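Visitor: I would like to learn how to read a few local features in a model. Please show me the structure before we start.

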Amino acid sequence: MPELTELWPAPYIVALTGLGFLIALVAWLPLALKRLPLSLPIVCIALGAGIFALPQVGLRPMPMDHPEITERFTEFVVIIALMGAGLKLDRVFDFRRWAVTWRLLAITMPLSILAITGLGAWAGLPWVAALLLGASLAPTDPVLAADVQVGPPLTGQEDEVRFGLTSEAGLNDGLAFPFVNLAIVLALAAGSGEPWLLQWLGYNVVWEIGVGVVGGWLVGRVFGWLTFRIPAESQLAQTGDGLIAIGATFVSYGLTEMVHCYGFLAVFITALTLRHAHRRHEFHREMHDVTEQVERLAMMVLLLLFGGALVSGLLAPLQWVDIGVALAVLLVVRPVAGLLGLAGLRAPWHEKLTLAFFGIRGVGSFYYLAYGLNHAAFAEAERLWAIIGLIVLLSVLLHGLTVTPVMRWLDRAQGRDPDAPERAEIPPPGLTGPAR
């Protein structure tokens, strides 16, 4: 007769069973939540909080206790999301047609960094720590913003609002990096008297952005040629295996990081270039679908851990003033900076308001903070984690509860039926094989 302790399943079996349930939820929850004023991230955080609140669960997934794992896991989730975002965009890259994107990047993001840095300093954070806070929170997240992004490739679900939020999330994760590096440079140079401005401008801005863009374009060109343009029997598209997109993600990120450039930026540029290689090929849908599944599974694991961190004391270092800062970031800074960036844009007011409001904060903010804290010493690191954790939680709740009714309202205002089934464009004859 086995003892009672022997009847309890091994941790491996428990983990395997839990993973099975999680994968099932990945497939089912988006369908179940489609008509409800709830989002997948809300459910994941709640599940994580419930699981890690159980006394039998001894793990406490606090990011400051596992800094390297936190940085690498959030990095992985973001690069997968960036590839998916780039593959979704049907609109051809063009400076004029991407006007809404440039406004959000060139005006809204710097204003957000400046305003959040000021709020952080006002709340008592050192200026350098406040700058890291501002740089971490300024980008719109590509991971948690799926409900406000464009639809899959070739489905026609790409209005100006969804396009603007998708393209902004794809590019600003790379373009916020110079400001994170500025906070790191200032933290390392404090008290040393070493010159930092020229090094930051020449290396962290010009070199890392420029070579990141070129590197991403080159990798995209190579994968585009291998996928669509070599003789038909050797095309990667003939495999029908969308995992090629994951391979392109890792190659693009890895090669550009090896030469010390912004891999986030490179991955998104690779996705855009790969999409441009044959814009109407149905294989883009296969690549997007695989990327989306990997992204959703990784996101759910991360948000379960985030829920666990919340019940483990992540928000304990918060001060009362930090709650005001969090509310100001979400309800004042992003909406006002967004409207200022969109001033003069020829678009209806409800579209500008939606673009300004849905500046979702999420996994990218976790990554930037983890990266900054792993590369330099910043005062009040635990408080920084608490502030960003609170802002991401509030963003998930605020935007998650409003996204369904707001986007349905937007569709009606634009003359579309929000209940209409997803429609796939039919590629013209001869465009599903080798590129013409």
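Guide: We will go through cysteines, one helix residue and one acidic loop residue. Keep in mind that this is a predicted model.

Visitor: How many disulfides does the structure hold?

Guide: A disulfide needs a pair of cysteine sulfur atoms within 2.5 Å. The structure holds zero. Two of its cysteines can still be read for burial: Cys-44 has a relative accessible area of 0% and is therefore buried, and Cys-261 is buried too, at 2%.

Visitor: Where is Leu-186 found, and is Leu-186 buried, partly exposed or exposed?

Guide: Burial is read from relative accessible area, with partly exposed lying between 20% and 50%. Leu-186 has 23%, so it counts as partly exposed. Leu-186 belongs to helix H8, which covers residues 177-189. Setting aside residues up to four places away in sequence, its contacts are Val-128, Leu-131 and Trp-196. From Leu-186 to Trp-200 the C-alpha distance is 9.6 Å, across 14 residues of sequence.

Visitor: Which side chain of opposite charge is nearest to Asp-141?

Guide: A salt bridge requires a side-chain nitrogen of Lys or Arg within 4 Å of a carboxyl oxygen. For Asp-141 the nearest candidate is Arg-361, 8.8 Å away, and this buried residue has no salt bridge. Asp-141 sits in the loop between helix H6 (127-137) and helix H7 (160-175).

Visitor: Which backbone nitrogen does the side chain of Asp-141 reach at 3.0 Å?

Guide: That of Val-143. A polar atom of the Asp-141 side chain also lies 3.1 Å from the backbone nitrogen of Val-363. Beyond four places in sequence, Asp-141 touches several residues, including Gln-149, Ala-169 and Arg-361.

How values were computed
Residues numbered from 1 in each chain as written. Predicted model: local features only at pLDDT ≥ 70, side-chain atom pairs only at ≥ 80, totals over all residues. Heavy atoms only, no water. Buried < 20%, exposed > 50% of the residue type's maximum accessible area, 1.4 Å probe, protein only. Helix = DSSP H or I, 4+ residues; strand = E, 2+ residues; numbered from the N terminus. Contact = heavy atoms within 4.5 Å. Lys, Arg positive; Asp, Glu negative; His and termini not counted. Polar contact = N/O pair within 3.5 Å; in protein donor to acceptor, adjacent residues only side chain to side chain.
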